[in-house]
Amino acid sequence: MPKSTATTLGLVFCLLVTPLAVPTPAHAVTININIGTNLNHGRPITCREGEWRIRDRGFRDVRRIDCRGRFFVYRAWRGAQRFEISLDRRNGRVVDFRRIRR
């Protein structure tokens, strides 16, 4: 038997005899997904709180337009432009923001 054939057979034999890599077992992973926000500690905001939040974001002359539905709507000025801002009642986040023509 030539030397190169014996070397090849030896390598094949070593590959067959060595154990294959066994994948590590999967461990249980706990994923905690919180739905909502901690901006208001899980409770809905009031119309007045929404007005304060808009003022805190740099707006002035904030006027309440509609505070009856799921979204609170306000109009306010920033600089020389007027905007209409909608806040989600459940968490106080801005959901719509658009400039209004005079």
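Trainee: What does the accessible surface of the protein come to, and what share belongs to carbon and sulfur atoms?

Mentor: The accessible surface, computed by the Shrake-Rupley method with a 1.4 Å probe and with only the protein chains shown counting as cover for residues, comes to about 8500 Å² for this protein. Carbon and sulfur atoms hold 57% of that surface. Before we go on, note that this is a predicted model, where local features need pLDDT of at least 70 and side-chain atom pairs count only at pLDDT 80 or more, while totals for chains, interfaces and linings use all residues. Residues are numbered from 1 along each chain as its sequence is written, and side-chain values use heavy atoms, with hydrogens and water left out.

Trainee: Which elements does the protein have, and in what order do they run from the N terminus?

Mentor: Helices (H or I, at least four residues) and strands (E, at least two) are DSSP runs, numbered from the N terminus. Here there are 2 helices and 4 strands, and the order from the N terminus is α-α-β-β-β-β.

Trainee: How do the 4 strands pair in the sheet, parallel or antiparallel?

Mentor: Strands of a sheet pair through backbone hydrogen bonds, either parallel or antiparallel. Two strands count as paired if DSSP finds at least two bridges between them. In this protein the 4 strands make an open sheet, ordered E1-E2-E3-E4, with antiparallel pairing. Strand E1 (60–66) and strand E4 (94–100) each have a single partner strand, so at these edges one side of each is left without a neighbour in the sheet. On average, neighbouring strands are turned by 20° against each other, direction ignored; the angle is taken between axes, lines fitted to C-alpha atoms (for helices over the stretch in contact), on a scale from 0 to 180 degrees between N-to-C directions.

Trainee: How many bridges join E1 to strand E2?

Mentor: There are 4 bridges between E1 and E2, the latter covering residues 71–78. Try finding two of them: Asp66 has Val73 as its bridge partner in E2, and Arg64 has Tyr74. A hairpin with 4 residues links E1 to E2.

Trainee: And over how many bridges do E2 and E3 pair?

Mentor: E2 and E3 pair over 8 bridges, in the antiparallel sense. Val73, which we just met, stands opposite Ser86 in E3. The hairpin of E2 and E3 has 2 residues between the strands, and Gly79 in this turn has a positive phi of about 65°. Moving along, 6 bridges join E3 to E4, with Arg82 partnered by Ile100 in E4. Between E3 and E4 the hairpin has 5 residues, including Gly92, with a positive phi of about 80°.

Trainee: What is the phi of Asp61, a residue other than glycine?

Mentor: Most residues other than glycine have a negative phi. Asp61 has a positive value, near 50°. You will find Asp61 in strand E1.

Trainee: Which residues make up the largest nonpolar core?

Mentor: Buried means under 20% relative accessible area, exposed over 50%, and partly exposed in between (1.4 Å probe, protein chains only). A nonpolar core is a set of buried Ala, Val, Leu, Ile, Met, Phe, Trp, Tyr and Cys residues joined through side-chain atoms within 4.5 Å. In this protein, 24% of the 102 residues are buried. The largest core has 11 residues: Ile45, Cys47, Ile54, Phe59, Val62, Phe72, Tyr74, Ala76, Phe83, Ile85 and Leu87. Helix H2 (47–56), E2 and strand E3 (81–88) each supply at least two of them.

Trainee: With which residues is Ile85 in contact, leaving aside its neighbours within four places in sequence?

Mentor: Contact means heavy atoms within 4.5 Å. Ile85 touches, among them, Ile54, Phe59, Phe72 and Tyr74, and also Val94 and Phe97. As for H2, its buried residues include Glu49, Gly50 and Ile54, and their cover includes E1, E2 and E3.

Trainee: Which residues form a disulfide?

Mentor: A disulfide is a covalent bond between the sulfur atoms of two cysteines, and here the cut-off for that pair is within 2.5 Å. The count is 1 disulfide, between Cys47 and Cys67, with the sulfur atoms 1.8 Å apart. Cys47 lies in helix H2 and Cys67 in the loop between E1 and E2, so the pair ties together parts 20 residues apart in sequence. Cys47 is buried at 15% relative accessibility, while Cys67 is partly exposed at 23%.
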